[in-house]
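Please walk through this structure step by step, beginning with its strands and moving on to its charged side chains and its largest pocket.

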Amino acid sequence: MTSNQVRGLPAEPIDEQAVAQYLHRNADFFEHHPQLLARMRLQHPRNGSTISLIERQVEVLREKIQTQEGKLSEFVRVARANNVLAEKIHRFTRRLLRTAGTGPAIAEIEASLREDFDTFHAVLVIPGTQVSAQQDPSWRFLRSVSPDDPGYRSFDTLFAACKPRCGQIRDSQREFLFGAEAPNIGSVAMIPLGGQPPLGLLALGSVDRDRFHPGMSTEFLQRMGELITDALARG
């Protein structure tokens with residue numbers, strides 16, 4: 001019986017916040033009362049059973065280790081993927097450096113996208129170009145359009161941002177880019193080619209809706225666009 005109860009007064013409830021503050025200010029409390037540690041019991045976070053404080057600390061440590069291992073595994077996976085992409089960009093750069101003229105550069109761009117990046121739905125749109133693919137009817141990579149073509153002008157916001165964009169696009173834009181293949185395209189990466197006015201547009205399509213998505217990094221796409229712009233401007 002407490003002194004308050006002896007006096008006929010109601011017992012005051014324990015303020016948990018005050019207890020927490022006291023223990024925070026007196027970090028050595030359990031060093032002076034080690035018997036309390038052995039008697040403390042906590043609820044297991046998964047099965048609801050009671051465990052000792054030490055067991056709970058071990059469980060928390062195990063969960064932290066698992067979380068860190070997961071983060072490390074993801075970091076290694078991303079690093080390996082970036083290393084593979086960097087190697088592909090390196091090969092792409094070397095192919096362009098060995099070309100002389102716009103026509104050969106376009107041929108190497110198409111071949112590299114297909115052979116090195118496994119991109120089988122790609123189109124390079126260049127307004128007013130004199131280079132055409134009519135010499136090889138099977139090559140539909142290059143599209144020559146008028147700068148005032150409504151389909152081409154529908155990408156004005158992309159050119160204004162001057163940054164690659166990934167994800168879904170309007171049906172009319174997809175049809176403009178991929179023609180008869182448009183219904184099969186699930187996602188698109190669009191890379192504006194720099195310059196004023198813009199040099200053109202490279203579009204990469206995939207049947208996989210998740211291959212090109214808004215949350216993906218566009219750093220390598222940006223580098224690819226700069227390389228293509230330089231190669232075409234040089235020709």
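## Strands, salt bridges and a pocket

Glu-74 is partly exposed, with 38% of relative accessible area, in a model that is predicted. The side chain of Glu-74 forms a salt bridge with that of Arg-77, with 2.6 Å from N to O. Arg-77 is likewise partly exposed, at 49% relative accessibility. The two residues belong to helix α5, which covers residues 53-97, and because they are three residues apart there, about one helical turn separates them.

Further along the same helix, Glu-87 and Arg-91 lie four residues apart in α5, which is about one turn of the helix. Their side chains meet in a salt bridge as well, with an N to O distance of 3.8 Å. Glu-87 has a relative accessibility of 40% and counts as partly exposed, and Arg-91, with a relative accessible area of 33%, is partly exposed too.

A salt bridge also joins Asp-116 and Arg-95, whose closest N and O atoms are 3.3 Å apart. This pair links distant parts of the chain, since Arg-95 is in helix α5 while Asp-116 is in the loop between α6 (102-115) and β3 (121-127), and the two are 21 residues apart. Are Asp-116 and Arg-95 buried or exposed? Both Asp-116 and Arg-95 are buried. A network of salt bridges links Glu-87, Arg-91, Arg-95, Glu-108, Glu-110, Arg-114, Glu-115 and Asp-116, and the count of salt bridges in the model comes to 11.

The loop between α6 and β3 also holds Thr-119. Thr-119 counts as buried because its relative accessibility is 5%, and buried means under 20% relative accessible area. Leaving aside residues up to four places away in sequence, Thr-119 touches Leu-113, Arg-114, Leu-204, Gly-205 and Arg-211. One of these contacts, Arg-114, is also a member of the salt-bridge network described above.

From this loop the path leads on to strand β3. Seven of the seven residues of β3 are buried, so the strand is largely enclosed by the rest of the structure. Its side chains can be followed in two sets, with His-121, Val-123, Val-125 and Pro-127 pointing one way and Ala-122, Leu-124 and Ile-126 pointing the other way, and all of them are buried. Strand β3 has pairings with two other strands to consider. With β7 it pairs in the antiparallel sense over five bridges, and within that pairing Val-125 has Leu-201 as its bridge partner in β7. With β4, which covers residues 142-145, β3 runs parallel and is joined by four bridges, and here Ile-126 stands opposite Ser-144.

Strand β7, which spans residues 200-206, leads in turn to β6, as seven bridges join these two antiparallel strands. In this pairing Pro-192 of β6 stands opposite Leu-201 in β7, and Leu-201 is also the bridge partner of Val-125. How many residues lie between β6 and β7 in the hairpin that they form? Six residues lie between them, and in the turn Gly-195 has a positive phi of about 115°.

Strand β6 itself, residues 187-193, is mostly covered, with seven of its seven residues buried. Ser-187, Ala-189, Ile-191 and Leu-193 point one way from the strand, whereas Val-188, Met-190 and Pro-192 point the other way, and all are buried. Strand β5, made up of residues 165-167, pairs with β6 in the antiparallel sense over three bridges, and Arg-165 stands opposite Met-190 of β6.

The last stop is the largest pocket, which contains about 580 Å³ of space. It is lined by 21 residues, and those closest to its centre are Leu-85, Phe-212, Met-216, Ser-217 and Phe-220. Helix α5, already met through its salt bridges, supplies the largest share of this lining, with seven residues. Both α5 and α10 (219-234) contribute at least two residues each to the lining of the largest pocket. When the lining residues are sorted by class, 11 are nonpolar, five are polar and five are charged.

Conventions
Residues are numbered from 1 along each chain as its sequence is written. This is a predicted model: local features need pLDDT of at least 70, side-chain atom pairs count only at pLDDT 80 or more; totals for chains, interfaces and linings use all residues. Side-chain values use heavy atoms; hydrogens and water are left out. A salt bridge is a side-chain nitrogen of Lys or Arg within 4 Å of a carboxyl oxygen of Asp or Glu. Buried means under 20% relative accessible area, exposed over 50%, partly exposed in between (1.4 Å probe, protein chains only). Two strands pair if DSSP finds at least two bridges between them. Contact means heavy atoms within 4.5 Å. On a 1 Å grid over the protein atoms alone, a cavity is a set of points where a 1.4 Å probe fits but cannot get out, and a pocket is an open set with protein on both sides within 12 Å along at least five of seven lines; lining residues have an atom within 4 Å of a point. Grid points are joined across faces, edges and corners, and a volume is the space filled by probe spheres set on the points. Ala, Val, Leu, Ile, Met, Phe, Trp, Tyr, Cys and Pro count as nonpolar, Asp, Glu, Lys and Arg as charged, and the others, Gly among them, as polar.
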